[in-house]
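Student: Could you take me through the inside of this protein, the cavity and the core around it, and then the charged pairs? I'd like one connected walk rather than a list.

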Amino acid sequence: MRAAWLPLLFVALLAIAPARGADYRIDTSRSHAEFNVRLLWVRQISGRFTDIHGEVDLNALRDTAVVQATVNVDSVEMPSARLRRWVLDPEFFDVRRFPEIHFVSAPLAVRSLDAGGELPGWLTLRGVTRQVLFRLEPASCTLQRDTLCQIEVRGQIQRSDYGMDGHHTAISDTVNLGLLITLDEAAD
């Protein structure tokens, strides 16, 4: 029952987003997303996505924000070409069928940028949208007065929730995620 209303809530949030342009945009040249997963419960395999773009929309009072981010899966960098080919194959990211990863946050109180806290939202990976809960690290900026803001988001997902259940005996199901993004005030 719960799973049936989640996509509807996701669409409703997008529908009530302001029609005007974004207040802030993700600076692709100074932002990235990263992940790591444990191999054979001893070694970490890490990767980095270098093409992340999106925007932040503030409400009329400029006290809450909705973050939308899109990651180009083909921008992944890995320690070796062999690992890169492996994570882009159908058993993992399946880049040919699913070239992008999307995240949309629930409305977030702008004041939480200073203190950090929970960042709930929806992550779409491999065509599957799931509710997620990430952690926003404290940042030294506020979207109410700054024209440049650097934020860090951390969290975990279960790869099997998104259909990535191959090699479950060798690779942990838990994937650590990080988003390190720089926001620039959008030009009018």
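Tutor: Here's the walk, starting with how far to trust the model and then going from the inside to the charged pairs.

Keep in mind that this is a predicted model. The mean pLDDT of the protein is 84, with 83% of its residues at 70 or more. The weak spot is the start of the chain: pLDDT stays under 50 over residues 1–19, and for that stretch the model has 13 contacts beyond four places in sequence. Helix α1 (residues 2–16) has the lowest confidence, a mean of 42, while strand β6 (residues 76–77) has the highest, at 98. So much for trust; now the inside.

How many cavities of 30 Å³ or more does the count come to? The count is two, and the largest has a volume of about 400 Å³. That largest cavity is lined by 28 residues, and the closest to its centre are Phe35, Phe49, Phe93, Val175 and Leu177. Which elements give two or more residues to the lining? They are β2 (32–39), β3 (43–49), β5, α2, β7 (100–105), β9 (117–125) and β12. Of these, β12 gives the most, with five residues.

Now for the packing. The largest nonpolar core has 49 residues, and those touching the most other members are Phe49, Phe93, Ile101, Ile151, Ile157 and Leu183. Strand β12 (residues 171–185) supplies the largest share of this core, five residues. You've met two of those names already: Phe49 and Phe93 are also among the residues closest to the centre of the largest cavity.

Ile151 is a good one to click on. Leaving out residues up to four places away in sequence, Ile151 touches Leu113, Leu136, Ala139, Leu179, Leu180, Ile181 and Leu183. Leu183, one of those partners, is itself on the list of core residues with the most contacts to other members.

Let's finish with charge. The structure holds eight salt bridges, and I'll pick out a few. The side chains of Glu55 and Arg25 pair up at 3.0 Å, N to O. This pair links distant parts of the chain, 30 residues apart, with Glu55 in strand β4 (residues 52–58) and Arg25 in strand β1 (residues 24–26). How exposed are the two partners? Glu55 is at 24% relative accessibility and counts as partly exposed, and Arg25, at 39%, counts as partly exposed too.

Next, look at Arg30 and Asp27, a salt bridge whose closest N and O atoms are 2.7 Å apart. Is Asp27 buried or exposed? Asp27 is buried, with a relative accessible area of 14%, whereas Arg30, at 42% relative accessibility, counts as partly exposed. There's a third member to look for here, since Asp27, Arg30 and Asp184 are linked in a network of salt bridges.

One more pair: the side chains of Arg84 and Asp74 meet in a salt bridge at 3.2 Å, N to O. Arg84 lies in helix α2 (residues 81–88) and Asp74 in the loop between β5 (64–72) and β6, so the pair ties together parts that are 10 residues apart in sequence. Both count as partly exposed: Arg84 at 27% relative accessibility and Asp74 at 42%. Helix α2 also brings us back to where we began, as one of the elements giving two or more residues to the lining of the largest cavity.

Key. Residues are numbered from 1 along each chain as its sequence is written. This is a predicted model: local features need pLDDT of at least 70, side-chain atom pairs count only at pLDDT 80 or more; totals for chains, interfaces and linings use all residues. Side-chain values use heavy atoms; hydrogens and water are left out. A nonpolar core is a set of buried Ala, Val, Leu, Ile, Met, Phe, Trp, Tyr and Cys residues joined through side-chain atoms within 4.5 Å. Buried means under 20% relative accessible area, exposed over 50%, partly exposed in between (1.4 Å probe, protein chains only). Helices (H or I, at least four residues) and strands (E, at least two) are DSSP runs, numbered from the N terminus. Contact means heavy atoms within 4.5 Å. pLDDT is the predictor's confidence in each residue, from 0 to 100. A salt bridge is a side-chain nitrogen of Lys or Arg within 4 Å of a carboxyl oxygen of Asp or Glu. On a 1 Å grid over the protein atoms alone, a cavity is a set of points where a 1.4 Å probe fits but cannot get out, and a pocket is an open set with protein on both sides within 12 Å along at least five of seven lines; lining residues have an atom within 4 Å of a point. Grid points are joined across faces, edges and corners, and a volume is the space filled by probe spheres set on the points.
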